[in-house]
2 protein chains.
Amino acid sequence: MKTILVIADGLAGRPDDTEAGTCLQVAKTPTIDGLVSRGTAGLMHPIKPGVRPGSDTAHLSLFGYDPYQYYTGRGVFEAAGIGMELSENDVSFRTNFATIDPDGKIADRRAGRISEGQEELEEALSGLTSEKYPDVEIRFKTSTEHRGALSISGDGLGGNVTPTDPHELGVPIPQSQGLDERSSKTADVLNEVTSQARDLLESAPINVQRREEGKLPANAILSRGAAKYPDIPPVEEVYGITASVVAAGALYIGVARVAGMEYIPVEGATGTVDSKIINKAKAALKELDRGKDLVFIHMKGTDNASHDHNAEAKVKFIEKIDETFAWLDDNIDWSETHLCFTGDHTTPINYGDHVAEPVPAMAIGPNVKPDNVEKFDEYTAMNGGLGTFNGQILPITLSYSDQLKKFGA
Amino acid sequence: MKTILVIADGLAGRPDDTEAGTCLQVAKTPTIDGLVSRGTAGLMHPIKPGVRPGSDTAHLSLFGYDPYQYYTGRGVFEAAGIGMELSENDVSFRTNFATIDPDGKIADRRAGRISEGQEELEEALSGLTSEKYPDVEIRFKTSTEHRGALSISGDGLGGNVTPTDPHELGVPIPQSQGLDERSSKTADVLNEVTSQARDLLESAPINVQRREEGKLPANAILSRGAAKYPDIPPVEEVYGITASVVAAGALYIGVARVAGMEYIPVEGATGTVDSKIINKAKAALKELDRGKDLVFIHMKGTDNASHDHNAEAKVKFIEKIDETFAWLDDNIDWSETHLCFTGDHTTPINYGDHVAEPVPAMAIGPNVKPDNVEKFDEYTAMNGGLGTFNGQILPITLSYSDQLKKFGA
């Protein structure tokens with residue numbers, strides 16, 4: 001059998017999202033409500049009650065990994081998400097191109113949200129190296145706009161270092177500090193690389209040109225989210241399945257890749273409310289046709305709208321998800337497929353950031369026992385047959401599809 | 001936003017508490033039922049299913065601390081609860097003043113529940129010292145009646161020692177034994193101090209006087225509940241909040257103080273069924289007005305009545321709690337406050353001691369999603385939106401108030 005896991009980021013909300021309740025209550029979702037009527041629902045604490053999840057820790061937990069055991073930091077997922085090949089020797093960082101003023105202070109943390117010349121900037125940084133530790137390998141890769149990732153690779157490097165991104169303006173780039181012995185070397189290299197990047201970028205032709213055009217130069221990199229490569233067994237080892245991920249946001253692609261899923265790029269998938277998510281659905285079914293056991297579809301628009309305090313956009317995006325489910329419902333082979341739909345955390349419109357409150361989850365397919373839930377939201381799910389549970393939605397759904405390994409004999 | 005956590009000790013019961021069911025079912029609680037109708041309920045296993053909690057371990061768990069990681073013993077909370085300032089070098093004990101007969105045997109474990117002369121007794125013991133280990137510091141503090149606390153302070157002292165309180169009469173004070181190398185020194189000091197206290201107390205004027213009056217002398221201290229100071233991060237560090245505790249029982253004050261809450265004494269708060277708990281409610285709201293993020297109110301009468309097998313008193317005390325909630329309901333600023341009400345464990349009337357069965361819990365406030373529960377007891381809570389969960393009620397409630405730190409990014 002096959003399994004489809006659909007996660008809408010920040011799907012759940014609070015009573016005051018709109019005058020009429022949460023965005024999920026307000027959105028018109030005839031297909032999702034029809035699906036849950038044929039399936040079962042529940043309330044899921046993404047990690048456990050009273051823990052406010054990040055998207056990274058939440059996804060680990062939903063995939064069945066204990067984030068307290070496996071989470072090392074966000075950098076490794078961002079780096080893996082933009083295509084870096086990483087291994088246990090890597091310490092990875094998320095980076096920003098930034099603008100440093102002539103006094104050496106940070107003038108813009110995003111270099112004017114630079115939207116061009118990423119290849120040239122990456123080329124300029126291809127020569128990064130540690131003179132102090134020649135055995136250490138440095139890699140840098142750009143992503144969209146000002147975003148990128150840095151990897152410092154060497155034997156026994158620790159990942160416990162302070163960031164060089166101070167998250168404020170008008171201050172010099174802070175020196176990174178290692179918080180334990182093994183991490184001191186990492187911090188040394190990071191500081192060396194940060195200083196080197198300043199010189200390499202300052203003279204890069206793209207920045208000379210940007211200055212001439214009155215644009216902010218991308219003349220520094222700021223690094224944060226330091227993370228050793230986590231010792232995560234892939235889903236193939238844990239569950240004995242093959243899997244693909246269909247997503248646009250680097251973080252989600254990264255978590256899935258580190259968990260051993262194959263990344264499938266999709267045209268028009270942007271990680272925003274404008275994303276052509278129907279293409280994700282189509283790509284997902286192709287992956288099952290190709291023989292994959294599991295496909296994970298991530299949709300980001302719900303969280304973006306929530307962080308922007310935009311209830312209207314969130315409702316609209318949920319309705320677009322509903323349309324996508326209509327296509328899925330028509331095209332899934334329901335005789336041999338289980339589908340699960342949930343969020344990775346609650347992001348209320350007014351608060352605009354993640355909170356610990358549980359999220360509704362639903363499962364549907366031939367082996368699911370239908371309950372009495374006929375509409376899918378944060379309230380109705382309280383009464384569903386899945387009850388209230390902590391993360392683990394992937395193995396819960398895999399069980400329906402007879403895709404779980406036995407614990408014990 | 002603000003958070004109020006109200007814990008009624010031993011609140012929950014069993015079907016045979018009264019002929020009409022549990023005390024919580026029988027008590028008339030119109031305000032609490034009104035509150036839960038506007039909020040959400042659930043069943044909480046104080047620690048986890050099948051674990052019979054002490055009040056100390058339960059409170060740690062409700063505050064969000066894993067008691068298996070942080071609990072070292074009761075003595076430290078009793079000592080902190082009566083105002084001793086403790087640190088990582090301390091091993092603390094609960095003590096009783098006892099009466100030793102001329103044959104050197106324990107005649108009364110509570111020195112006739114001595115109700116006078118506590119200051120003199122404390123003064124008599126102010127000279128306690130270890131001759132064998134002069135670097136070790138000894139402190140003793142009396143509490144109410146026969147109760148007190150002893151602290152032995154020094155580098156590397158272990159807390160793993162047997163008590164000098166045998167919990168029986170007609171036997172000599174037993175020698176404490178260290179159960180590991182570091183604790184042997186602690187046991188040596190405890191034995192030295194216990195012997196010294198015998199001499200100091202025997203000749204204390206208050207005891208000479210008591211003998212003349214035909215009263216039992218308080219001529220020894222018995223120590224139990226040995227506990228190293230636990231390595232608990234304060235709530236300010238864990239959650240980023242400031243907090244106060246309003247309670248009367250030393251144990252609860254102690255757990256809260258060790259967790260970094262400020263103790264606020266309240267007139268008329270006695271830790272019994274006669275306590276003026278309305279004054280606790282008033283003091284609590286004052287703490288929020290003073291700028292505290294969280295106030296924890298502890299009410300002890302429910303547990304006392306349960307240990308005394310007194311259903312009538314327990315019902316009456318629950319009804320007094322309901323009246324207190326009426327005042328709170330009128331005076332809380334509900335636009336910016338979340339309130340949680342629960343017990344720390346189940347104490348059935350007939351059994352008269354803690355059992356592992358779960359306790360009802362409820363939360364109310366602007367960000368809570370109301371469920372269908374309209375009465376608050378051990379049965380109705382089964383169907384509530386909080387589901388069934390383990391401890392952690394403080395962080396669950398703090399999430400509603402946007403007072404939690406994020407795990408991950």
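# How the terms apply in a predicted model

Guide: In this predicted model, strand β3 (residues 52–53) of chain A and β14(B) run parallel and are joined by 2 bridges.

Visitor: What makes β3 of chain A and β14(B) count as paired strands?

Guide: The requirement is at least two bridges between the strands. β3 of chain A and β14(B) have 2 bridges, so the requirement is met. One residue pair can be named: R52(A) has K406(B) as its bridge partner in β14(B).

Visitor: How many residues does each chain give to the contact between chain A and chain B?

Guide: Chain A gives 27 residues and chain B gives 20. On the chain B side, β13 (387–390), α14 (393–400) and β14 (406–407) are the elements that contribute two or more residues. The chain B side divides into 7 nonpolar, 8 polar and 5 charged residues.

Visitor: How do you know which symmetry relation links chain B to chain A?

Guide: Chain B superposes on chain A after a rotation of 120 degrees with 0.8 Å of shift along the axis, at an RMSD of 0.1 Å. That is the relation of a three-fold axis. The two copies use different surfaces, as 10% of the contact residues of chain B recur in chain A.

Visitor: Why is strand β8 of chain A called largely enclosed?

Guide: A residue is buried when 20 or more other C-beta atoms lie within 10 Å of its own C-beta. In β8 (residues 220–228) of chain A, 9 of the 9 residues are buried, so the strand is largely enclosed by the rest of the structure. β8(A) pairs with strand β4 (residues 90–100) of chain A in the antiparallel sense over 7 bridges. Within that pairing, R224(A) in β8(A) is the bridge partner of R94(A).

Visitor: Why is A187(A) given the burial class it has?

Guide: A187(A) has 23 C-beta neighbours inside 10 Å, so it counts as buried against the cut-off of 20 or more. A187(A) lies in helix α7 (residues 181–202) of chain A. Leaving out residues up to four places away in sequence, A187(A) touches V161(A), S176(A), Q177(A) and G178(A).

Visitor: How do you know whether the length of α7 of chain B agrees with its expected span?

Guide: The expected span is 1.5 Å times one less than the number of residues. For the 22 residues of α7 (residues 181–202) of chain B this gives 32 Å, and the end C-alpha atoms are 32 Å apart, so the two agree. Buried residues of α7(B) include A187(B), L190(B) and V193(B). The buried residues of α7(B) pack against β3 (90–100), α6 (118–124), β5 (137–142), β6 (147–153), α8 (205–212) and β7 (220–228) of chain B.

Visitor: What makes β9 and β13 of chain B edge strands?

Guide: The open sheet of 8 strands in chain B has the order β9-β8-β10-β1-β11-β12-β2-β13, with mixed pairing. β9 (262–263) and β13 each have a single partner strand, so one side of each is left without a neighbour in the sheet. Elsewhere in chain B, strands β2 (residues 40–45) and β12 (residues 359–364) pair in the antiparallel sense over 5 bridges, with A41(B) bridged to M362(B) in β12(B).

Visitor: Which parts make up the domains of chain A?

Guide: Domain 1 is 2–71 + 231–400, and domain 2 is 79–228. Their centres, taken over C-alpha atoms, are separated by 33 Å. The contact takes 6 residues from domain 1 and 5 from domain 2. The domain 1 side comprises 4 nonpolar, 1 polar and 1 charged residue.

Methods: Residues are numbered from 1 along each chain as its sequence is written. Chains are lettered from A and ligands numbered from 1 in the order in which they are written. This is a predicted model: local features need pLDDT of at least 70, side-chain atom pairs count only at pLDDT 80 or more; totals for chains, interfaces and linings use all residues. A residue is buried if 20 or more other C-beta atoms lie within 10 Å of its own, exposed if 12 or fewer, and partly exposed in between; C-beta atoms are placed from the backbone. Helices (H or I, at least four residues) and strands (E, at least two) are DSSP runs, numbered from the N terminus. Domain bounds come from an automatic or database domain assignment. Two residues are in contact if their C-beta atoms, placed from the backbone, lie within 7 Å. Ala, Val, Leu, Ile, Met, Phe, Trp, Tyr, Cys and Pro count as nonpolar, Asp, Glu, Lys and Arg as charged, and the others, Gly among them, as polar. Copies are superposed by least squares on the C-alpha atoms of residues with pLDDT of at least 70 in both.
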